[in-house]
Structures are given as C-alpha cells and as structure tokens.
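The following note sets out points for discussion on the structure shown below. The points concern the DNA contacts, a sheet with its helices, and the confidence of the prediction.

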Amino acid sequence: MENKKYIAEVIVNNSVNKLDKLFDYIIPPQFINIIKEGTRVLVPFGKGNRQFEAYVFGVNIKLDEDTSKLKEVIRPIDEEPILTINQIHMIKWMKGKYLCKYIEAIQCLIPAGVVNKEKRFIYVNREKLNNHKYEMTEIQKDIINYVEEKGKINVESLYKRFSYNEVYRVIKQLENEGIIIIENKVDSRIDIIKEKYVRLVISKDLYKEALDSIKGAKRQQELMEFLKEKVEVKISELVNSHGFGRTIINGLLSRNIVEVIEKESKRDPLLNLELKPFPKLEPNDEQRVIIEEITEAINNNRVETYLIHGVTGSGKTEIYLQLIENTLNEGKQGIVLVPEISLTPQTVERFRGRFKEGIALFHSGLSDGERYDEWRRVASGEANIVIGARSAIFAPFNNLGLIIIDEEHEHTYKSDLSPKYHVKEIAEYRSKHEQSVLVLGSATPSIESYFEGVESIVKVRELKNRARNAKPPNIEVIDMRRELECGNKSILSRRLHSEIEKNLEAKKQTILFLNRRGYSTFVSCRSCGHVVKCKQCDISLTFHMTSKELQCHYCGDKYTAPRECPECSSKNIKYFGVGTQKLEMLIQSYFPKAVISRMDLDATSKKGAHNEILESFKSGEIDIMIGTQMITKGLDFPNVTLVGIITADTMLNMPDFRAPEKVFQQVLQVSGRAGRGFDEGKVILQTYNPEHYSIMLAAKQDYISFFEKEVELRKAFNYPPFSKLINITFTGENEKETYLAISKITDNIKYILKSKGYTNELDDIVFGPNEGMIYRVKNKYRFYVLLKSNKENYTLLKAIIKYLLIDSRQKFVSDNIITSIDMNPLFIV
DNA sequence: AGCACGCCGACT
DNA sequence: GTCGGCGTGCTC
C-alpha cells in the first residue's frame with residue numbers, strides 16, 4: 001500500500017511580512033473531497049498552534065514523501081470554495097504587479113466582513129481555584145477577580161485594564177496550573193441572518209393522497225393548497241399575513257408533507273430608497289452608432305477597450321444603460337463604476353429606475369453586514385449588475401460581459417492602500433481574462449487613456465453634441481492681479497460680483513466653487529511671523545468658524561484658537577486665507593437677501609445631510625451654493641446658470657506634473673454644472689495665472705489642444721505616458737533612522753543598476769531620497785524615492801525593489817519603519 | 001505578530 | 001543556583 005498524502009498549499013490570514021508565502025498542510029482523509037483550490041480552512045499555526053484562517057491556493061498529492069513535519073488542516077470553513085481559480089490567478093497577478101502581499105490582494109476580492117478573526121476567551125476553573133496551594137500575588141488576584149466577575153471574556157478586553165506583560169505572564173502561569181482555561185474561537189464578525197421557509201415535499205402524484213389523509217385537519221389542507229401555488233413561503237409571512245399558526249405548520253411537518261429550510265436573508269441597502277422609473281430614451285445618431293458597435297463586441301466576446309469622450313450632458317449615461325441592457329440580454333453580467341457613489345446618486349437612480357432589480361451596490365458607506373450581503377447576492381447570481389466605487393471592480397461575477405468606468409479620469413479610482421491598484425488596470429485584466437468589453441467614459445479623459453487612443457490600444461469614440469442640444473457654457477477668465485491693481489482686495493472680482501447680482505434678480509441659481517474648506521486657511525503672527533502648525537504634523541492649521549477651533553486637515557486634531565501668538569505672546573495675531581466657511585459669510589454680507597448654502601466635508605458629515613442640501617437646492621429654495629470639489633460631480637440642475645470659480649489655480653503651484661491636467665479637468669467639470677437647462681450657462685473663472693495654458697485652454701473648453709500641449713511637455717520631461725513611475729515611501733517615528741534606511745535602499749538600487757550597466761543614466765532614473773511633501777504626519781516622518789523607468793528597465797527596477805523591500809526586507813529595513821510601494825503613483829506625497 | 005529559546009545580570 | 005529581562009529566529 002502506497003503512502004499517499006494530500007497536501008494543501010495555503011495562505012495564512014495574517015498580515016505579517018514574513019508570513020506572506022505558501023504553507024503546506026496535510027489534508028485529513030475525511031476532507032479530501034471538500035478542500036480544494038479556493039476553499040477557506042482553519043489551520044494550527046506557529047509554536048502555540050493558534051488557529052488561523054487560511055486560503056487554499058493549491059492541492060498536491062505526495063507519494064511516499066516525508067510529511068512528518070507537516071501539520072494537519074483542522075477543518076474547512078466553507079462548504080464551497082470562496083475563491084474561484086480565476087480569482088486565485090488574479091491574486092497572484094496582483095501580487096506580482098503591485099508587489100503587495102497575498103493577503104492584501106485577497107482582501108480586495110473578499111469583503112472584510114467575511115474574513116473571520118480568531119478570538120481567545122478565558123474563564124476561571126473554580127474547582128482548581130479553590131484547591132490551589134500557594135498564596136497568589138496581587139496582580140494574579142486582580143486578574144482572577146476581574147475574569148470571575150465577567151464570566152467568560154475575550155482576552156483582548158483584559159489589555160484595557162492590565163498591561164500586556166502582566167496579562168501575558170499571569171495567564172500563562174494560571175493556565176499551567178489549570179486555574180484558568182483558555183479557549184480559542186474563530187467567530188464570524190458577521191451574523192448571517194437566516195430565515196426559515198416552508199415548502200411542500202410531496203410529489204404531484206402523491207399530493208391528492210396526502211390531502212385526503214388529513215381530512216379532519218381543515219386548516220392544514222388549506223395550507224397545503226396555499227403552498228401548492230408557491231414554491232416556498234417564509235414562516236414569518238405565513239404566521240403574520242396568512243394566519244397559519246405554528247401548530248398547523250407543525251402538523252404538516254410531522255406528516256412529512258412539508259419541510260422547513262433555512263435561507264440567508266439579505267439586507268438590501270436600496271430598500272428604503274424610492275424607485276422612480278427611468279424610461280428608455282431614443283438614442284441620437286452619435287449614440288446609436290456607439291451602442292451598436294460596442295454591443296456587437298460584447299455579443300462576440302471580444303476583448304476590447306473603448307474610450308467615450310463626450311462633453312458633460314452628451315448622454316453618456318444613456319449609452320451605459322443600453323449597453324448594460326444588451327449585456328443582460330446576452331445572459332452576461334455588468335459592472336458600472338462611479339467615482340464616489342454618494343456624489344453620483346443620479347447615476348444610481350437611473351440604473352435602478354431602468355432595471356428595477358438585480359442591482360447590487362458596492363461602496364464605502366455600507367456596513368460590514370450590508371457589504372457582505374451585496375457580495376453574496378453577486379456571488380450567488382441573484383444580482384447581475386453591480387454599481388459601485390473602486391471596490392466594485394472585484395465583484396465575483398462568473399460571466400462578465402461589460403465593465404463601465406464612468407468619469408475615467410477621477411483620482412478616486414486609485415487605491416491609497418496596498419495594493420495601490422488603479423481600477424482601470426484591474427478592469428483591463430478582467431476584460432482580457434474574462435472576454436469582456438471595457439468602456440471608459442469622460443469629458444476630460446486622463447492624458448494616459450487618451451494617449452492609448454492615439455496609439456490605437458483603445459478605441460476612442462467622440463460624442464460632440466450635447467444630447468438636449470444645449471449650448472456649452474461660456475467661460476470668462478478674470479485676471480485677479482488686475483483686480484488688485486484697481487484696488488479691489490475682495491475675493492470677488494467686480495465682474496463676478498455683478499453677475500451674481502444679475503442672477504439673483506433673474507431668480508436663477510449660482511454655484512461658487514472654492515477648493516478649501518474651513519474659515520481661515522492659516523493663522524499667523526504679524527509681529528514675529530510665526531505660523532500656527534499642528535503639533536504632530538507639518539501642516540498649518542485651518543480655523544473653523546462653526547466650532548471656533550483650529551483644525552489639522554491631515555490628522556483631524558483640534559486646537560483652541562489662540563488670542564495671542566504662542567511664540568512671542570503678541571496680540572497681533574491674524575487669521576489669513578479664505579475657506580468655504582469664510583466665503584459663505586462674505587457672500588452673505590455682500591448679498592444679504594440671498595439664501596446661501598454650503599456643501600463641503602464639514603457641512604455633509606452628518607448622515608443624510610448631503611442629500612438634504614441637494615434636495616433644497618433642487619427645489620429652488622437656495623440661491624447660491626458654495627462648495628468644494630464635492631459639487632463638481634454629477635449635479636444636474638437646470639436652473640443653475642452661473643458658476644463662479646473663486647480661484648482656479650492654487651493647484652498649479654504644487655510640485656506635481658499632473659497639476660495642469662487636474663486644473664483643466666476641474667474647471668471643465670465645474671463649468672459643466674452651468675447651463676444644463678434651456679438658458680445658456682455662464683462661468684466666471686478667477687485666476688492669478690490667466691496666461692497658463694491649462695487655464696486658457698480650459699476656458700476655450702478645448703480638450704484636444706490641451707492634450708497635445710500636455711503630451712508635448714510630458715515627452716520633453718519624460719513623464720507618463722512616456723515613462724513609468726515607481727514611488728517608494730518610508731515612514732517612521734525616528735527621523736534619522738528613517739532617512740538612513742531610505743538612503744541605504746536608494747544606494748542599493750543605484751548600486752544594482754550600476755552593476756547592470758546603467759552608469760550614466762542613474763540621475764535620470766533615481767530621484768531622491770526626498771522629504772515627503774508633507775514631511776511629518778501624526779508624528780511620523782516621511783521620505784520618498786521616485787524611480788522613473790522606461791520599457792526596457794521597468795522589469796529590472798521591479799525586480800530590484802522586490803529583492804530589497806520584499807524578499808530580503810529584513811536585511812535592509814528594520815521593522816519599525818513602514819514601507820510603501822506605489823507602482824504607478826498619481827500623486828507623490 | 002506570537003511564541004520559545006537562550007544568554008546575561010540580580011536576587012531568595 | 002534560579003528568576004526574569006530582552007535579543008534572535010521561526011512559523012508548513
């Protein structure tokens with residue numbers, strides 16, 4: 001008899017760097033048919049054999065090999081694999097592309113709520129306690145009393161009362177003596193709500209016989225007749241709505257005529273939203289051509305990427321809707337990505353209004369339970385459309401036909417946690433491996449995406465006309481330096497001031513855009529020049545009028561507003577800069593009769609506040625709406641005829657090569673809010689850089705010229721799309737140690753590059769180490785190195801980083817430094 | 001991360 | 001002698 005062993009290769013759910021690899025476990029014979037690739041299992045791990053959740057990535061058969069060092073899998077966690085083979089492939093690909101950990105990639109695909117965590121519970125064994133021989137120490141008594149008092153408690157909760165070391169030692173000793181008992185438990189953080197259903201188990205030919213057999217029980221017969229019509233009915237429904245009591249159901253149960261089954265009930269986050277139908281619109285010629293072409297690609301399982309470049313209001317959403325409809329007709333599923341679901345409620349409403357059901361929503365506002373339910377709905381095939389932010393790209397569909405990324409250029413599509421993926425990259429992968437079509441849409445496509453169009457990697461389709469034939473708004477540039485010269489120190493130019501006045505008289509609505517929240521953006525002493533900064537970040541504090549406090553916009557810390565300079569005690573301390581709160585007060589003082597509202601992070605922090613403000617704006621109660629970038633997306637209000645951009649160019653001063661692109665996108669985005677109805681829209685753009693190309697071309701709304709100019713500059717300075725960037729960030733509490741660590745890494749990168757023959761070009765590849773843009777955040781210092789690579793050396797650079805920061809990390813970086821790798825950074829901070 | 005081993009100094 | 005401090009190394 002041969003010695004045949006089944007071995008599971010697993011990833012242990014533990015985010016420690018060193019454990020980010022496959023571990024082998026023996027599969028006990030009774031589980032051989034259950035445990036396969038993608039199954040979650042429980043395994044004993046480490047010296048203490050603590051129980052951990054693990055993901056099976058492969059199953060091998062070993063014959064006559066020494067497996068004595070291997071431990072056994074305790075049990076499977078799920079009956080069915082939680083990951084498909086395709087998903088395991090994608091996880092491996094993500095690890096390779098983003099240099100992240102397996103478990104980080106896994107957590108993208110599986111919602112946080114499904115992932116179980118081990119908990120240790122302890123309780124006192126009274127018998128042993130009463131019989132113990134020696135005198136206990138004070139701390140032992142304290143801990144025992146505490147545990148006695150609470151019954152069975154989680155060990156974690158002890159750490160709140162006692163120090164870790166105390167607990168550690170005491171518990172260990174008492175456990176050895178048997179006085180306390182420790183139980184390891186893996187609890188699901190989610191309670192799956194199960195509901196009981198009743199259904200007939202009698203076949204049709206036996207039905208009559210069964211009915212006759214309970215002649216005396218009239219109500220039971222009625223219940224049988226009732227169930228005959230339906231497949232299965234909730235017990236709660238039978239009892240509450242139809243008056244069939246427990247005894248009636250039990251009667252049929254005991255005769256084996258019906259059975260009770262349990263089903264997971266799914267909470268529906270859309271449940272409390274009312275549903276307004278959104279009828280199908282007849283597409284115009286431009287739209288029809290695009291819909292037909294893409295539908296043809298979907299129907300033929302072609303791997304294709306389209307970029308729809310269409311101005312705001314050109315009817316992209318209707319194209320999306322009809323494409324999804326055609327996808328569903330083919331029996332396939334579709335994913336619709338939006339930058340931020342709370343800011344694009346209209347998109348969601350339209351999809352719901354058109355398709356009514358089968359839609360799952362994925363976004364950050366969901367509770368763990370809701371997220372889990374939505375994920376289950378997709379995995380089980382109950383939903384065939386997913387609408388959501390970034391994370392929705394991982395929706396577990398098995399017959400994906402179409403992925404739509406709306407507002408493709410938005411930076412929210414880039415993850416800020418490891419793996420630092422961009423939705424577009426994941427979408428391209430899925431499209432390629434699941435034979436589905438990818439559609440990108442934007443009025444201001446990212447330079448990279450449009451460039452791929454130029455290179456014929458994606459197919460660009462232009463939408464030139466506004467669907468309702470509305471004219472694009474007229475953008476007027478105001479030179480704010482001129483205003484100063486003419487003695488106007490106000491934040492409003494004379495032109496914008498008079499336009500607002502006119503608009504108020506005409507009973508039209510105005511939007512004012514300012515991308516800085518708070519009241520004053522910095523506080524400074526006029527005597528000594530001291531600027532008040534956050535104690536743990538390298539950031540000047542913003543004054544907030546509502547709370548009368550200074551706030552750090554980085555770590556969120558709050559300080560009382562000083563009346564005198566904290567440095568020199570001078571009373572000559574002044575509040576400078578204008579944020580949305582101050583703008584609101586200023587505008588109110590200029591236009592006392594106007595009804596003004598403000599929409600920014602502070603005004604919308606309460607749940608539902610966002611919707612409330614939008615509703616009252618929609619109803620026309622509000623004359624002037626002041627807001628940050630929050631108002632730039634998705635608002636479609638026909639009565640808005642004037643948009644004022646208070647300062648368009650603060651971003652242009654940032655050391656970011658993408659700044660002009662962001663300014664251009666933002667101006668066009670805000671401008672698109674004006675003139676969506678019958679009246680022509682007007683935009684007043686205030687700037688200190690009127691001759692900057694991004695301002696000038698934004699005013700002309702000329703995307704193509706802007707694209708060409710930008711591409712020219714990117715080429716000259718070798719920025720993406722002509723190069724690939726890699727950013728490495730080190731963060732640590734010890735400034736010097738962090739700097740030395742990143743310097744060491746930088747030197748090593750350069751050394752390896754040199755050894756591979758890159759001697760003269762080193763300064764064009766490796767930049768840094770530099771201090772982070774915000775050098776200190778939450779008392780931690782940040783440094784970064786930027787690597788600029790071309791097609792030839794990208795693989796080499798990636799291999800170097802993998803070697804230095806992952807495979808041999810211990811040799812180069814100490815554990816108290818946080819390292820982060822960004823393979824295609826959108827911003828460098 | 002945990003947990004154990006092991007090597008040193010301060011005590012019953 | 002031995003208890004306990006923490007540095008080091010491993011986890012299938």
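1. Asp-24 approaches DNA strand C through its backbone: an N or O atom of its main chain lies 2.5 Å from a sugar or linking oxygen of that strand. As the model is predicted, this distance, like the others below, is a computed value.

2. Two side chains address phosphate oxygens of DNA strand C. In Lys-71, an N or O atom of the side chain is 2.4 Å from such an oxygen. In Tyr-25, a polar side-chain atom lies 3.2 Å from a phosphate oxygen.

3. The surroundings of DNA strand C comprise 13 residues, and the closest are Asp-24, Tyr-25, Phe-45, Leu-70 and Lys-71. Of the atoms of DNA strand C that come within 4 Å of the protein, 48% belong to sugar and phosphate.

4. Which element gives the most to the surface near DNA strand C? It is E2, with three residues. Strand E2 (22–26) and strand E3 (40–45) are the elements that give two or more residues to this surface. Classified by residue type, the surface holds six nonpolar, one polar and six charged residues.

5. Elsewhere, seven strands form an open sheet with parallel pairing, in the order E15-E16-E14-E17-E18-E13-E19. Its edges are strand E15 (359–362) and strand E19 (459–463), each of which pairs on one side only. From one strand to the next, the twist averages 15 degrees.

6. At the E19 edge, the partner is strand E13 (residues 304–310), which pairs with E19 in the parallel sense over five bridges. Within this part of the sheet, His-309 stands opposite Glu-462 in E19.

7. Two helices deserve attention alongside the sheet. Helix H12 (residues 316–329) lies across E13, strand E14 (333–337), strand E16 (385–388), strand E17 (400–406), strand E18 (437–442) and E19, and runs at about 170 degrees to E17. Helix H13 (residues 345–355) packs on the sheet and touches E14, E15 and E16. The direction of H13 makes about 165 degrees with that of E15.

8. Regarding confidence, chain A has a mean pLDDT of 85, and 93% of its residues reach 70 or more. Among the elements of chain A, helix H15 (residues 423–433) has the highest mean pLDDT, 98, whereas strand E9 (residues 180–187) has the lowest, 68. Predicted coordinates should not be read in detail where pLDDT is low.

Key
Residues are numbered from 1 along each chain as its sequence is written. Chains are lettered from A and ligands numbered from 1 in the order in which they are written. This is a predicted model: local features need pLDDT of at least 70, side-chain atom pairs count only at pLDDT 80 or more; totals for chains, interfaces and linings use all residues. Side-chain values use heavy atoms; hydrogens and water are left out. A residue is near a molecule or strand if one of its heavy atoms lies within 4 Å of it. A polar contact is a pair of N or O atoms within 3.5 Å; within protein, one must be able to donate a hydrogen and the other to accept it, and residues adjacent in sequence count only if both atoms are side-chain atoms. Helices (H or I, at least four residues) and strands (E, at least two) are DSSP runs, numbered from the N terminus. Ala, Val, Leu, Ile, Met, Phe, Trp, Tyr, Cys and Pro count as nonpolar, Asp, Glu, Lys and Arg as charged, and the others, Gly among them, as polar. Two strands pair if DSSP finds at least two bridges between them. Axes are lines fitted to C-alpha atoms, for helices over the stretch in contact, and angles run from 0 to 180 degrees between N-to-C directions. Contact means heavy atoms within 4.5 Å. pLDDT is the predictor's confidence in each residue, from 0 to 100.
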